[in-house]
Amino acid sequence: MAALGGRGRAAAALLRRAPGTGAAPGAGPRRHRHRHKEKWATTAPRIPSTRLALHHFDMSYGLHLGALWPSVRAALLCEQKYGALLNNFAAADHVPRELELLNATDFVSEVSQKAQQWQRGAAVGEAATGCQEGSGESRTEMVTQAEMSPPLCTSSKIKCYAFPRGDITRFRPARPDALGLLDYYLMDAASLLPVLALSVQPDDFVLDLCAAPGGKTLALLQTGFCGHLAANDVSVSRTKRLYHILHSYVPKEVRDTVSVTSYDGRDWDQVKGGTFHKVLVDVPCTTDRHSAMEEENNIFHKRRTKERQMLPMLQLQLLITSVWWRGRWTLQEPSSTSVCTWRT
Ligand SMILES: C[S@@+](CC[C@H](N)C(=O)[O-])C[C@H]1O[C@@H](n2cnc3c(N)ncnc32)[C@H](O)[C@@H]1O
């Protein structure tokens, strides 16, 4: 007979139970059986958190993303691909040329150009369909394109370089200029999208409610438009990383326009006053790439089940706070915006 693993042995023991007694024949005193059970429990194989995470993603993202999910899943399991956010505060005029020679391109200006083309196309489409009867369908298509084009601030000074699809070249580490400011910040290029969508306008007061470690805070500052930036994060240790980023990339006169705090974002209305034109809420999430790849500090670990289950509620509460601050301002300024990055 083939050897049985832990579970197999338990099953075999169950099969050997004497009828009517519930006990295996020849079983020793109760105390002994109890010890055996405990031992089995501690040696039972635990399902790795990464596997639980992937199973969870297959269930939820598979449902939401449908045919797109397999490629997103593959990307999640691949090595992370970075974008290089140029630091406009550093004396690094040579860097764009250096990156272009490596075949990297600034995807922000590319997307802006595409958005403008869409808008021009929509305008032409509208003019054309205005003269034609019965072309409602194409008109709808063009208008939808214009409406769907991302609200990118085309005047934005944000530049982020990325290598083409399939090119896995790594960026060199960031280098300091003569004043010690680093020339670029490596981040997931997709992390820039909420900042672009926020479309910060000159002198806007901006609240970044869950800001640490500070990638998006830095990107917000790169617009050069923030009149004042409040960067908050409940985690003191992560807020230290935010300070570090500000000191490594931002000159003092600009840092002075940033206030860093460590409040629970849900209590913002009680601890801080003021109103904002724009609010960015990058809510805490299941850090999907990490959860699918690393066992350590994995939110899908059994002991973090409650925390994970409470995440949607926490995200909702933070969102409500941001809408409240946007809402207060909306009463005075109809152009206010709140952008949330919403994750499962
Ligand atoms: C996705 S991360 C933010 C990343 C950051 N925006 C960036 O671009 O570098 C979510 C952050 O939310 C913070 N957070 C969690 N609960 C919070 C709360 N109740 N109030 C404020 N921040 C919170 C976490 O400490 C974490 O740093």
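Begin by selecting strand β5, residues 204-208, in this predicted model: 4 of its 5 residues are buried, so the strand is largely enclosed by the rest of the structure. With β5 still highlighted, add strand β6, residues 226-232, which pairs with β5 in the parallel sense over 5 bridges. To see one point of register between these two strands, pick Asp208, whose bridge partner in β6 is Ala231.

Next, colour the two cysteines Cys210 and Cys226. Cys210 has a relative accessible area of 13% and is therefore counted as buried, the cut-off being under 20%, and Cys226, at 14% relative accessibility, is buried as well. If you look for disulfides, the count comes to 0.

From Cys210, move to the ligand, since a nitrogen atom of the ligand is 3.0 Å from a polar backbone atom of Cys210. How many residues surround the ligand, and which are the closest? There are 22 residues around the ligand, and the closest are Asp233, Arg238, Asp264, Gly265 and Asp282. Two further distances are worth displaying here: an oxygen atom of the ligand is 3.1 Å from a polar backbone atom of Gly215, while an oxygen atom of the ligand is 2.6 Å from an N or O atom in the side chain of Arg238.

Now select helix α9, residues 215-222, which lies across strands β1 (82-86) and β4 and runs at about 40° to β1. Those two strands lead into an open sheet of 4 strands, arranged in the order β2-β3-β1-β4 with antiparallel pairing. At its edges are β2 (105-106) and β4 (184-188), each of which pairs on one side only. Follow the β2 edge inward to strand β3, residues 160-162, where the two strands pair in the antiparallel sense over 2 bridges, and where Asp106 has Tyr161 of β3 as its bridge partner.

Finish at Glu295, in the loop between α13 (288-293) and α14 (305-330). Is this residue buried or partly exposed? Glu295 is partly exposed, with a relative accessible area of 33%. Leaving aside residues up to four places away in sequence, Glu295 touches Arg46, Pro48, Ser49 and Thr50, and a polar contact of 2.9 Å joins the side chains of Glu295 and Thr50. As a last step, show the C-alpha atoms of Glu295 and Arg51, which are separated by 9.5 Å although the two residues are 244 residues apart along the chain.

Conventions. Residues numbered from 1 in each chain as written. Predicted model: local features only at pLDDT ≥ 70, side-chain atom pairs only at ≥ 80, totals over all residues. Heavy atoms only, no water. Pairing = 2+ DSSP bridges. Contact = heavy atoms within 4.5 Å. Axes fitted to C-alpha atoms, helices over the stretch in contact; angles between N-to-C directions. Disulfide = S-S within 2.5 Å. Buried < 20%, exposed > 50% of the residue type's maximum accessible area, 1.4 Å probe, protein only. Near = heavy atom within 4 Å. Polar contact = N/O pair within 3.5 Å; in protein donor to acceptor, adjacent residues only side chain to side chain.
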